[in-house]
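Reader: I'd like a close look at one part of this model, if you have a minute. Here is what I'm looking at.

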Amino acid sequence: MQQQKLLTVTQYASAHRMTMHKVIQQVRKGELESVLKDIEGKEVMFVVDKTADSADEKKLESETDYKRAYETLLAEHRELKARYAALLKGMI
């Protein structure tokens, strides 16, 4: 079961690089799921962020991709460094 994260309209807008107006329009059209909660006597609208889990998964995948690319480049660097040192020894 996916855990749903509740964000205020402002938080959702800044997290997804949207304007608050656009977020409110999407909520009214039904494109985004929202929940009204009573906080300190005021009704506050929260948007259900379903992309929070997938964003964390993508972040983990990208980190492993960076690690794999780093290891590949490091091995290539070591090989070139060894060849360069061999060339320098041959010149002396």
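Which residues make the nonpolar surface patch of about 370 Å²?

Author: Keep in mind that this is a predicted model. The patch you're asking about is made by Tyr84, Leu88 and Met91. Take Met91: you'll find that residue in helix 3, which covers residues 51–91. Met91 counts as exposed because its relative accessible area is 70%, and the cut-off for exposed is over 50%.

For contrast in setting, look at Ile24, which lies in helix 2, residues 20–29. Ile24 has a relative accessibility of 29%, so this residue counts as partly exposed; that label covers values from the 20% limit for buried up to the 50% limit for exposed. Ile24 also sits 9.4 Å from Ala13, C-alpha to C-alpha, with the two being eleven residues apart in sequence.

Now for the strands. Strand 3 (residues 42–49) pairs with strand 1 (residues 5–8) through four bridges, and the two run antiparallel. One pairing to click on there is Leu7, whose bridge partner in strand 3 is Val47. Strand 3 is also joined to strand 2 (residues 34–39), again antiparallel, by six bridges. On that side, Asp38 stands opposite Glu43 of strand 3. Strand 2 and strand 3 make a hairpin with two residues between them, and if you check the backbone angles in the turn, Glu40 shows a positive phi of about 50°.

Key:
Residues are numbered from 1 along each chain as its sequence is written. This is a predicted model: local features need pLDDT of at least 70, side-chain atom pairs count only at pLDDT 80 or more; totals for chains, interfaces and linings use all residues. Side-chain values use heavy atoms; hydrogens and water are left out. Patches are made of residues with over 30% relative accessible area and no salt bridge: like charges are joined within 9 Å, nonpolar side chains (Val, Leu, Ile, Met, Phe, Trp, Tyr) within 5 Å. Accessible areas come from the Shrake-Rupley method with a 1.4 Å probe; for residues, only the protein chains shown count as cover. A salt bridge is a side-chain nitrogen of Lys or Arg within 4 Å of a carboxyl oxygen of Asp or Glu. Buried means under 20% relative accessible area, exposed over 50%, partly exposed in between (1.4 Å probe, protein chains only). Two strands pair if DSSP finds at least two bridges between them.
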